[in-house]
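Q: Please give a close account of the charged side chains in this structure. Which of them pair with a partner of opposite charge, and what surrounds those that do not?

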Amino acid sequence: MNYADIKQYDVANGIGVRVSLFVSGCTHACEGCFNKEAWDFDYGKPFTEKEIEDIIEYMKHSYVAGLSLLGGEPMEPSNQEGILPLLRRVHETYPEKTIWMYSGYLFDEDILGRMCKESEISREIISYIDILVDGEFILARKNLKINFRGSDNQRIIDVKKSLETGEVVHWSEERV
């Protein structure tokens, strides 16, 4: 897996100061995508153990609330094997910090409905995710007044509560 960028300090992609990993590779090709160069799976640099160590180091500070995964597309099957070791380490090292993921795939239809049924890797990945922002970016529904999303079709999902209840539970800032 390649990655486009690692932001040591990010306040736009989740609650609090976060470390953000932008993976390379996406097949959604959303019109108006803010990170079009990351559609290419070969864009950027190889994601190695060194980058995992760097992210773990960046997250050590008490003011860092967690990790955010963006893209590209973290849930592309070819990217899942690359992010899984990172998620294991973050969960093991910082169980109190949250993990947010942004995906163009729909949580209930694509991720749970297909990926998790077909892949143990997908099931393990989703077990580490606290918040998932799902759905493709739709330029015609772009909304600059909403938090943590680019278009108003995208949902902010509390993954842990959704897995507990068996229904999609939307996250709201009031519960922070």
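A: A salt bridge is a side-chain nitrogen of Lys or Arg within 4 Å of a carboxyl oxygen of Asp or Glu. Side chains of opposite charge can pair when their charged atoms come close. The model examined here is predicted, and by this rule it holds ten salt bridges.

One of these joins the side chains of Asp-5 and Lys-7, with N and O 3.4 Å apart. Asp-5 counts as partly exposed because its relative accessibility is 31%. Lys-7 is likewise partly exposed, at 35%.

Another salt bridge lies within a helix. Asp-54 and Lys-50 both belong to α1, which covers residues 49-58. Four residues, or about one turn of the helix, separate them, and their side chains meet at an N to O distance of 2.7 Å. Lys-50 counts as exposed, since its relative accessible area is 52%, whereas Asp-54 is partly exposed at 23%.

A further salt bridge is found in a loop. Asp-152 pairs with Arg-141, and their closest N and O atoms are 2.8 Å apart. Both residues lie in the loop between β6 and β7 (155-158), so the pair ties together parts that are eleven residues apart in sequence. Asp-152 is partly exposed, with a relative accessible area of 37%, and Arg-141 is partly exposed at 38%. Salt bridges also link three residues, Glu-49, Glu-53 and Arg-89, in a network.

Two acidic residues present another situation. Asp-10, in strand β1, is buried but has no salt bridge. The nearest side chain of opposite charge is that of Lys-7, at 6.5 Å; the cut-off for a salt bridge is 4 Å, so this pair does not count as one. What, then, does the side chain of Asp-10 reach? The backbone nitrogen of Ala-12 lies 2.9 Å from that side chain. In addition, the side chain of Asp-10 forms a polar contact of 2.6 Å with the side chain of Ser-20. Lys-7 thus appears twice in this account: as the salt-bridge partner of Asp-5, and as the nearest oppositely charged neighbour of Asp-10.

Glu-76 is the other case. Its place in the chain is the loop between β4 (64-70) and α2 (77-93). Glu-76 is buried and has no salt bridge, the nearest side chain of opposite charge being Arg-114, 8.1 Å away. The side chain of Glu-76 does, however, make a polar contact with that of Tyr-105, at 3.3 Å.

Charged residues also take part in the lining of the largest pocket, which has a volume of about 640 Å³. Of the 30 lining residues, those closest to the pocket centre are Phe-34, Tyr-102, Phe-137, Gly-150 and Gln-154. The elements that contribute two or more residues to this lining are β5 (98-103) and β6 (131-134). Sorted by class, the lining contains five charged residues, alongside 13 nonpolar and twelve polar ones.

To summarise, the charged side chains described here include pairs such as Asp-54 with Lys-50 and Asp-152 with Arg-141. They also include buried residues without a salt bridge, namely Asp-10 and Glu-76. The side chains of these two make polar contacts, Asp-10 with Ser-20 and Glu-76 with Tyr-105.

Note on methods. Residues numbered from 1 in each chain as written. Predicted model: local features only at pLDDT ≥ 70, side-chain atom pairs only at ≥ 80, totals over all residues. Heavy atoms only, no water. 1 Å grid on protein atoms, 1.4 Å probe; cavity = no way out; pocket = protein on both sides within 12 Å on 5 of 7 lines; lining within 4 Å. Points joined across faces, edges and corners; volume = space filled by probe spheres on them. Nonpolar A, V, L, I, M, F, W, Y, C, P; charged D, E, K, R; others polar. Buried < 20%, exposed > 50% of the residue type's maximum accessible area, 1.4 Å probe, protein only. Lys, Arg positive; Asp, Glu negative; His and termini not counted. Polar contact = N/O pair within 3.5 Å; in protein donor to acceptor, adjacent residues only side chain to side chain.
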